[in-house]
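Colleague: Could you take one part of this model and go through it with me slowly, starting with the terms I need and then working outwards to what surrounds it?

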Amino acid sequence: KIVQGEASAQCQWHEIMKVTSTKNLVNVYTTPVRAFILPKKDIGQQFEGLKKLMQDNTQCLKFDMRNGD
């Protein structure tokens, strides 16, 4: 579940089709044109824990999540 202010969105693990990252963002795709965009600055020290959680629970077509530091 993703929460920002009063808005929230969620998806099931099996709905995640691709996870990519850039220097500043983690992109979690549920369709080719819909993604949750997570700023790495907001993930902070939880990055490795999030990465392991996603690796353990998704069956992505593509998984490329790097810290970039």
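Modeller: Before we begin, a residue is called buried when its relative accessible area is under 20%, exposed when that area is over 50%, and partly exposed in between. Please also keep in mind that this is a predicted model.

Let us start from Met17, which is found in the loop between strand S2 (7–9) and strand S3 (18–21). Is Met17 buried or exposed? Met17 falls between those two words, because its relative accessible area is 26%, and Met17 is therefore partly exposed. Leaving aside its neighbours within four places in sequence, Met17 is in contact with Tyr29, Thr30, Thr31 and Pro32, and also with Cys60, Leu61 and Lys62. A further relation across the chain is that Met17 and Thr58, although 41 residues apart in sequence, are 8.0 Å apart in space, C-alpha to C-alpha.

One of the contacts of Met17, Cys60, leads us to the cysteines. A disulfide is a covalent bond between the sulfur atoms of two cysteines, and a search of the whole structure finds 0 of them. Cys11 is in no disulfide, and the nearest cysteine sulfur, that of Cys60, is 9.9 Å away. Cys60 is likewise in no disulfide, with the sulfur of Cys11 as its nearest cysteine sulfur. Why is neither one paired with the other? A disulfide needs two cysteine sulfur atoms within 2.5 Å, whereas the sulfur of Cys60 lies 9.9 Å from that of Cys11. As for their surroundings, Cys11 is partly exposed, with a relative accessible area of 27%, while Cys60 is buried, with a relative accessible area of 18%.

Cys60 also belongs to the largest nonpolar core, which has 11 residues in all, including Ile16, Val28, Phe36 and Leu38. The elements that give two or more residues to this core are strand S4 (25–31), strand S5 (34–39) and helix H2 (47–57).

Phe36, another member of the core, brings us back to Cys11, since not counting residues up to four places away in sequence, Phe36 touches Cys11 as well as others, among them Ile2, Ala9 and Val26. Phe36 is also one of the residues that lie nearest the centre of the largest pocket, together with Lys1, Ile2, Val3 and Leu38. This pocket has a volume of about 620 Å³, and the largest share of its lining, 4 residues, comes from S5. The residues of the lining divide into 15 nonpolar, 5 polar and 2 charged.

Terms used. Residues numbered from 1 in each chain as written. Predicted model: local features only at pLDDT ≥ 70, side-chain atom pairs only at ≥ 80, totals over all residues. Heavy atoms only, no water. Buried < 20%, exposed > 50% of the residue type's maximum accessible area, 1.4 Å probe, protein only. Contact = heavy atoms within 4.5 Å. Core = buried A, V, L, I, M, F, W, Y, C linked by side-chain atoms within 4.5 Å. 1 Å grid on protein atoms, 1.4 Å probe; cavity = no way out; pocket = protein on both sides within 12 Å on 5 of 7 lines; lining within 4 Å. Points joined across faces, edges and corners; volume = space filled by probe spheres on them. Nonpolar A, V, L, I, M, F, W, Y, C, P; charged D, E, K, R; others polar.
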